[in-house]
Amino acid sequence: ALCEGRGLRGLYSSAAQLLAAAQLEVDPPAALQLLQRVRAHVMHHGSADEVARLQLAFAKCRLASLPPYSKAAPPSAQTLQAHVLPPLQEALEGFGKLRAHTEAAEAAYLASRVHATAGATAERDVAAQVFVAAERAATLAAQRPLGRLADYAAEGVLEAHLAELAELDAAEAAVYAT
């Protein structure tokens, strides 16, 4: 309320997303309502990371708001495809563009589980493959050595590093092409 009253809408949106992530465990409908209040601002003014995180949080809230799973009365495929899968797909695309592999893997994993619940085995398999590829990319990214600014002082080193980054970027773009 303090942020809203003083015209700090961006700060309010960030704080609301953090609060909703914590609130998700306790009260998913309230978390969803909080995210809905800041959605328009984040979608219009937020960074690509904030938008992707918002979409992932939306999908998690909607999943958590569903009644407990039972084989006798599983959630309808129509509900899952209309309210859960679109934000998951948007989150996956956003994290893929940002090369945020760990977050993309989380979105792909959830999408795979939702497709499995909806009975869409072909889509489940595609999402599972994206999950495996994103996990592999996250592992490779964590193993990649970081450079130091002084390492680029020698002639041609920076150019070689930039060329290597371009190759890595092209390879990583293929991870989320499916």
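**Helices and buried residues**

Reader: In which helix is the place of Q55?

Author: This is a predicted model, in which local features need pLDDT of at least 70, side-chain atom pairs count only at pLDDT 80 or more, and totals for chains, interfaces and linings use all residues. Residues are numbered from 1 along each chain as its sequence is written, while side-chain values use heavy atoms and leave out hydrogens and water. Helices (H or I, at least four residues) and strands (E, at least two) are DSSP runs, numbered from the N terminus. By this numbering, the place of Q55 is in helix α4.

Reader: Does Q55 count as buried or exposed?

Author: A residue is buried under 20% relative accessible area, exposed over 50%, and partly exposed in between (1.4 Å probe, protein chains only). The relative accessibility of Q55 is 1%, and therefore Q55 counts as buried.

Reader: Which residues does Q55 touch, not counting those up to four places away in sequence?

Author: A contact requires heavy atoms within 4.5 Å. With residues up to four places away in sequence set aside, Q55 touches R39, M43, P87, E90 and A91.

Reader: How many helices are there in the protein?

Author: The protein has 0 strands. From the N terminus on, its elements run α-α-α-α-α-α-α-α. The number of helices is 8.

Reader: What percentage of the residues in the protein is buried?

Author: Q55, at 1% relative accessibility, is one of the buried residues. The protein has 178 residues, and the buried share of them is 32%.

Reader: What share of the contacts with a separation of 6 or more joins residues 24 or more positions apart?

Author: The contacts considered here are those in the protein with a separation of 6 or more. Among these, residues 24 or more positions apart account for 59%.

Reader: Why does L85 count as buried?

Author: L85 has its place in helix α5, residues 77-98. L85 counts as buried because its relative accessibility is 11%.

Reader: What distance separates the C-alpha atoms of L85 and L110?

Author: Along the chain, L85 and L110 are 25 residues apart. In space, the separation of their C-alpha atoms is 9.0 Å.

Reader: In which helix does H115 lie?

Author: Setting aside residues up to four places away in sequence, L85 touches L80, A111, V114 and H115. From the other side, H115 is in contact with L85, A120, E123, R124 and A127, its neighbours within four places in sequence being left aside. H115 counts as buried because its relative accessibility is 14%. The helix of H115, covering residues 101-118, is α6.

Reader: Which elements are included in what covers the buried residues of α6?

Author: The buried residues of α6 are H101, A104, A105, A107, A108, L110, A111, S112, V114, H115 and A118. Their cover includes α4, α5, α7 (121-143) and α8 (157-173).

Reader: How far does α6 reach from its first C-alpha to its last?

Author: The expected span of a helix is 1.5 Å times one less than its number of residues. For α6, with 18 residues, 26 Å is expected at 1.5 Å a residue. Close to that expectation, α6 reaches 25 Å.

Reader: Which residue takes a positive phi just after α6?

Author: Helix α6 covers residues 101-118. Just after α6, a positive phi of about 85 degrees is taken by G119.
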